[in-house]
Amino acid sequence: MSHHILIVEDEVKLATLLQDYLKQSGYEVTVIHNGLEVEPWLAEHQPGLVLLDLMLPGKSGMEICKDIRKTSQLPVIMITAKVDEIDRLLGLELGADDYICKPFSPREVVARVRAVLRRSDGTDKPSDRGLTLDVDTYKATINGNDLQLTAVEFQLLKVLSDQPGRIFTRSVLVDKIYSDGRVVSDRTIDSHIKKLRKKIAAQLPDQELIHSLYAVGYKFEWL
């Protein structure tokens, strides 16, 4: 199914580049350069996804995303200029489905758009890709092959894969995995993630499932 993508980006050259790549990938695309024009356009159209820059003239991407979430679960991918902005956006819980940091490859954006749309359409369940998690036995398998995870590795994979595409900061992962309140450093999470990735790579050498965002955290996603 073809989707209509709305790009809200005030950098004309960048918006045109993204538009060209998305059109080549089979999407219908509309571009808006001013934040004030988004709400009236959305009142008349139903896009499948919005690529939304954070810094816009007229009205910020942050405000636009908040307004969208008041009435809709329309998929939104935020575009930011700084990595540290992603951490701030996560803290505000705007409800965006993904975040992309400039500079980026247009091909990466197309891949992210496809991944978010698959999740939105309900066609990207981990079990459909061969990943199964048994919470009673703490057993994780890929295509029937046991990953032989430790309890912490299993919990990390469960938390991440339950919400594909969501970015989890290290501190959030610590809170979810170590509920007994023990003091655990970010490096401990990084170490467990490294081991988990290695075990997954042994079964899926050409597919990375756990993605890192520099200085922010991790997310699970099939690309």
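Here is a walk through this structure, from the overall picture down to a few single residues.

What you're looking at is a predicted model, in which local features need pLDDT of at least 70 and side-chain atom pairs count only at pLDDT 80 or more, while totals for chains, interfaces and linings use all residues. Residues are numbered from 1 along each chain as its sequence is written, and side-chain values use heavy atoms, with hydrogens and water left out.

Let's start with the whole protein. Its secondary structure comes to eight helices and 11 strands; helices (H or I, at least four residues) and strands (E, at least two) are DSSP runs, numbered from the N terminus. Of the 223 residues, 48% count as buried, where buried means under 20% relative accessible area, exposed means over 50%, and partly exposed lies in between (1.4 Å probe, protein chains only). The accessible surface comes to about 11600 Å², and 48% of that belongs to carbon and sulfur atoms; such areas come from the Shrake-Rupley method with a 1.4 Å probe, and for residues only the protein chains shown count as cover. If you take the contacts with a separation of 6 or more, 57% of them are between residues 24 or more positions apart. Contact here means heavy atoms within 4.5 Å.

Now for the first of two sheets. Five strands line up in the order 2-1-3-4-5 to make an open sheet, and the pairing is parallel. Strand 2 (28–32) and strand 5 (98–101) stand at the edges with a single partner strand each, so one side of each has no neighbour in the sheet. On average, neighbouring strands here are turned by 20° against each other, direction ignored. That angle is taken between axes, which are lines fitted to C-alpha atoms (for helices, over the stretch in contact); angles generally run from 0 to 180 degrees between N-to-C directions.

Moving inward from strand 2, you can follow the pairing strand by strand. Two strands pair if DSSP finds at least two bridges between them. Strand 1 (residues 4–8) is joined to strand 3 (residues 49–53) by four bridges, and the two run parallel. Look for leucine 6, which stands opposite valine 50 in strand 3. Valine 50 also has a bridge partner in strand 4, namely valine 76, and strands 3 and 4 run parallel, joined by four bridges. Strand 4 (residues 76–80) has five of its five residues buried, so it is largely enclosed by the rest of the structure. Both of its faces are covered, with Val76, Met78 and Thr80 buried on one side and Ile77 and Ile79 on the other.

Before leaving this part, have a look at valine 12 in helix 1 (residues 12–24). Valine 12 is partly exposed, at a relative accessible area of 48%. Its C-alpha is 9.4 Å from that of isoleucine 32, although the two are 20 residues apart in sequence.

The second sheet is open too, with three strands in the order 9-11-10 and antiparallel pairing. Strand 9 and strand 10 (210–213) are its edges, each with a single partner strand, so one side of each is left without a neighbour in the sheet. Helix 6 packs on this sheet, touching strand 9, strand 10 and strand 11, and its direction makes about 70° with that of strand 11. Strands 10 and 11 pair over four bridges in the antiparallel sense, and one pair to find is isoleucine 210 with its bridge partner in strand 11, phenylalanine 220.

Helix 6 (residues 151–162) deserves a look of its own. Its buried residues include Val152, Phe154, Leu157 and Leu160. Lysine 158, also in helix 6, is partly exposed, with a relative accessible area of 25%. Leaving aside neighbours within four places in sequence, lysine 158 is in contact with Leu133 and Val135.

Next comes helix 7 (residues 170–177), with Arg170, Leu173, Val174 and Ile177 buried. Seen down the helix axis, these fall within an arc of 105°, so they line one face of the helix; the arc is that of the directions from the helix axis to the C-beta atoms. They pack against helix 6, strand 9 (168–169), helix 8 (186–203) and strand 11 (217–220).

Finally, find histidine 192 in helix 8. At 16% relative accessibility, histidine 192 counts as buried. Not counting residues up to four places away in sequence, histidine 192 touches Val152, Glu153, Leu156 and Tyr178.
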